[in-house]
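Subject: Structure for your review

Dear colleague,

Please find below the structure that I am handing over to you. I should be grateful if you would read the notes beneath it alongside the coordinates.

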Amino acid sequence: MKNFYVIANIGSKGASDKADEVIEYLKGHGAKIAKKTSDYTNSTSVLYKYTNPEDVPEDTEAVIVIGGDGTMIQAARDLMSLELPLIGINYGALGFLAEIEKDNFKETLDKLLCDEYKIEERLLISARVYNTKGNEKLYNFALNDIAISRSGSVRLIDYNIKVNGLDLNAYRADGLIISTPTGSTAYNLSAGGPIVKPNADLLVVTPICPHTLSSRSIILDADDEIDVEILSKKHEGGVERLIVFDGNDDTVLADGDYIHIKRSERKVKIINTKSESFIQTLRRKMWADEDSQIK
């Protein structure tokens, strides 16, 4: 690889300076670099939120993202039409997507320049929201998860779930998470859902604080299609219900709205330059400190 596009989260302390270091190093090794220079946080475009895909040169071979997992997710969503592979230098917390530690970035860049890497494809899911008349009111994608939740109330949400047209269950809960394997270590994990290898071909359905002891996460095939019907809020005291994509884009749901969720034909490409397995990464990110305390 010799042609790169660099995105830095200007809200992360030190990320912009690290971007300049990355650019200087790559240029010093004969690479061609373009950098995201504008702030698109006020964009009203439906095509992107932070990074305009039209700004990415046509000869770009990979996108280097400097920030946390949230920055990686947004870059992937904004640029998914370009189908470019992404790699992240972590300026966030755990960093399951942005796996490259900021102090070891030169070793990673050397591997990119020498084509010593592999590309992993990550599953994307899409959702279409329809009103009671069957009119589509929303269409969006998620790399991590799609969550249905309440806003500003302690009351529960009532909803029905169908899988491939068959009734699964009716829930009263704080909400619902439909997670990809990539997103299993995010909101799904916080809600008590299982951790899944990111290259697995499946979906995870996790109710959020359900009002029953029998409700647990359900693992579905990646090709299964999920329908969620939002029931009347007559018992919910006017609680506002939202659908949220990757913890960011949110839209208010109304009585009778239903959401059709399925895998997208598109995929996100993530560059992996490490020999470390997912199990090793998981142990290092989540339990290494606990082990040292025990010992």
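The notes below concern one helix, the nonpolar cores and the cysteines. Please bear in mind that this is a predicted model.

Helix α1 comprises 14 residues, 15-28. At 1.5 Å a residue it should span 20 Å, and its end C-alpha atoms are indeed 20 Å apart, so expectation and model agree. Its buried residues are Ala15, Lys18, Ala19, Val22, Ile23, Tyr25 and Leu26. Viewed down the axis of α1, these fall within an arc of 165° and therefore line one face of the helix. Their packing partners are β1 (3-8), β2 (32-35), β3 (62-67), β4 (86-90) and α3 (105-113). Asp17, Glu24, Lys27 and Gly28, on the other side of α1, are exposed. After the helix comes glycine 30, which has a positive phi, near 85°.

Turning to the cores, the largest nonpolar one contains 28 residues. Tyr159, Ile161, Ile226, Val228, Ile243 and Ile259 have the most contacts inside it. Beyond its neighbours within four places in sequence, isoleucine 226 contacts Ile161, Lys162, Ile178, Leu203, Val205, Leu220, Ile259, His260 and Ile261. Another core, of 24 residues, lies apart from the largest one; Ala15, Ile23, Tyr91 and Phe105 are among its members.

As to the cysteines, a search of the whole structure found 0 disulfides. Cysteine 114 has a relative accessibility of 52% and cysteine 209 one of 53%. Because exposed means over 50%, cysteine 114 counts as exposed, as does cysteine 209.

Yours sincerely

Conventions: Residues are numbered from 1 along each chain as its sequence is written. This is a predicted model: local features need pLDDT of at least 70, side-chain atom pairs count only at pLDDT 80 or more; totals for chains, interfaces and linings use all residues. Side-chain values use heavy atoms; hydrogens and water are left out. Helices (H or I, at least four residues) and strands (E, at least two) are DSSP runs, numbered from the N terminus. The expected span of a helix is 1.5 Å times one less than its number of residues. Buried means under 20% relative accessible area, exposed over 50%, partly exposed in between (1.4 Å probe, protein chains only). The arc is that of the directions from the helix axis to the C-beta atoms. Contact means heavy atoms within 4.5 Å. A nonpolar core is a set of buried Ala, Val, Leu, Ile, Met, Phe, Trp, Tyr and Cys residues joined through side-chain atoms within 4.5 Å. A disulfide is a pair of cysteine sulfur atoms within 2.5 Å.
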